[in-house]
Amino acid sequence: MAENKECTQETPSECTHDCSTCKANCSSRTPTYDAPHKDSHIKHVIGVVSGKGGVGKSIVTSMLATIMQRRANQVAILDADVTGPSIPKAFATKGDVMSTGDGLLPLSTKTGIKMMSVNLLLEEETRPVVWRGPVIAGTVKQFWTDVIWGDVDYMFIDCPPGTGDVPLTVFQSIKLDGIIIVTTPQDLVSMIVGKAVNMAALMNIPVIGLVENMSFVKCPDCGREINVFGKSKAEEVCAQYGIDLLARMPIDEKLSALIDRGIIELMENDYLEGAADAIEKYCAK
Ligand code: ADP
């Protein structure tokens, strides 16, 4: 959408709802942060975002949550990726979500990570969520305002992919401390990362850094790193946008097996330890 400097109050009629390409200072972009439930005391809220689906945003969210929980923090995951909710599966978390009358109680993973996801509320978790944008956005807001999260050191939000209406509503209604961008080598050569960075800048959300997923494959025989998608552009792109490269994570069949079996909390790799260090350091500032 063309720059629209005249527009300061109302959403412009030609609005594409894609704030990543629009510089208009319209009401669409004014955050009206919702307060969390009165019994939620959340110290740090980190959004995990991606330009499109299938790049490993949920796996990165699950791994970061696992690491932070291992480091003796109370961790929570708010699964805002409503149309592709894969967080409960990664932890094999099931059960009825209970209501106290005052709010909803999150479920807990085996190591005690608190979790809320639309998949926990659906009777059949394989049934696709075919809701329209406003309903999805409303659900995500409710996970923030109506869930009694209690005391949480780090909450990770698995954000809806892209830079459209739903992620926009998430960014406007939940005050994030910062975001982690997850991408793949192919996305780095396209405009996708730039869009995510621009959107965050326009919404005044700091980018903690970038995780390049599926960067390479390690040869099981000789340990050599094979750049399946060509030489990584991650450092170059991060330098271009002035953001930190937090990790380059390989394609690892053990990871997908852990996810498929719902036992991500048993992972033994150190792929995202550095990213977790960066989050701790960032949040301590
Ligand atoms: P997104 O949340 O971005 O849609 P997911 O985290 O659900 O993506 O990942 C998509 C699929 O790819 C999942 O089945 C996941 O287990 C698999 N996957 C993601 N990253 C890796 C990786 N580094 N190694 C192996 N499998 C991966």
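**Figure 1. Meet the residues around the ligand.** In this predicted model, the ligand is surrounded by 16 residues, and the closest of them are Gly54, Lys57, Ser58, Asn213 and Pro250. Sorted by class, this shell holds seven nonpolar, seven polar and two charged residues. Two helices each supply at least two residues of the shell: H1, spanning 57-70, and H8, spanning 253-261.

**Figure 2. Polar partners of the ligand, one by one.** Let us start with Gly54, where a polar backbone atom is 2.7 Å from an oxygen atom of the ligand. Ser58 uses its side chain instead: one of its polar side-chain atoms lies 2.7 Å from a ligand oxygen atom. At Asp252, look to the backbone, where an N or O atom lies 2.9 Å from a nitrogen atom of the ligand. On its own, the ligand has 560 Å² of accessible area, and the protein covers 79% of this.

**Figure 3. The pocket that holds the ligand.** The ligand takes up the space of the largest pocket, whose volume is about 410 Å³. The lining is made of 26 residues, and those closest to the pocket centre are Val55, Gly56, Lys57, Ile59 and Met214. Helices H1, H2 (87-91) and H8 are the elements that give two or more residues to this lining. If you sort the lining residues by class, you will find 10 nonpolar, 10 polar and six charged. Lys57 is worth finding in this view, as it is among the residues closest to the pocket centre and also among those closest to the ligand.

**Figure 4. A second pocket to explore.** The second largest pocket offers about 350 Å³ of space. Its lining has 16 residues; Asp252, Glu253, Lys254, Leu255 and Tyr271 are the closest to its centre. Strand E8 (217-218) and helix H8 are the elements that each give two or more residues to the lining, and H8 provides the largest share, with four residues. By class, the lining comprises 10 nonpolar, one polar and five charged residues.

**Figure 5. Helix H8 and Asp252 in both settings.** Here we return to parts of the structure met above. Helix H8 gives at least two residues to the ligand shell, two or more to the lining of the largest pocket, and four to the lining of the second largest pocket. Asp252 has a backbone N or O atom 2.9 Å from a ligand nitrogen atom, and Asp252 is also one of the residues closest to the centre of the second largest pocket.

Conventions
Residues numbered from 1 in each chain as written. Predicted model: local features only at pLDDT ≥ 70, side-chain atom pairs only at ≥ 80, totals over all residues. Heavy atoms only, no water. Near = heavy atom within 4 Å. Polar contact = N/O pair within 3.5 Å; in protein donor to acceptor, adjacent residues only side chain to side chain. Areas by Shrake-Rupley, 256 points an atom, 1.4 Å probe, with all protein chains shown as cover. 1 Å grid on protein atoms, 1.4 Å probe; cavity = no way out; pocket = protein on both sides within 12 Å on 5 of 7 lines; lining within 4 Å. Sits in = over half its atoms within 2 Å of the grid points. Nonpolar A, V, L, I, M, F, W, Y, C, P; charged D, E, K, R; others polar. Points joined across faces, edges and corners; volume = space filled by probe spheres on them.
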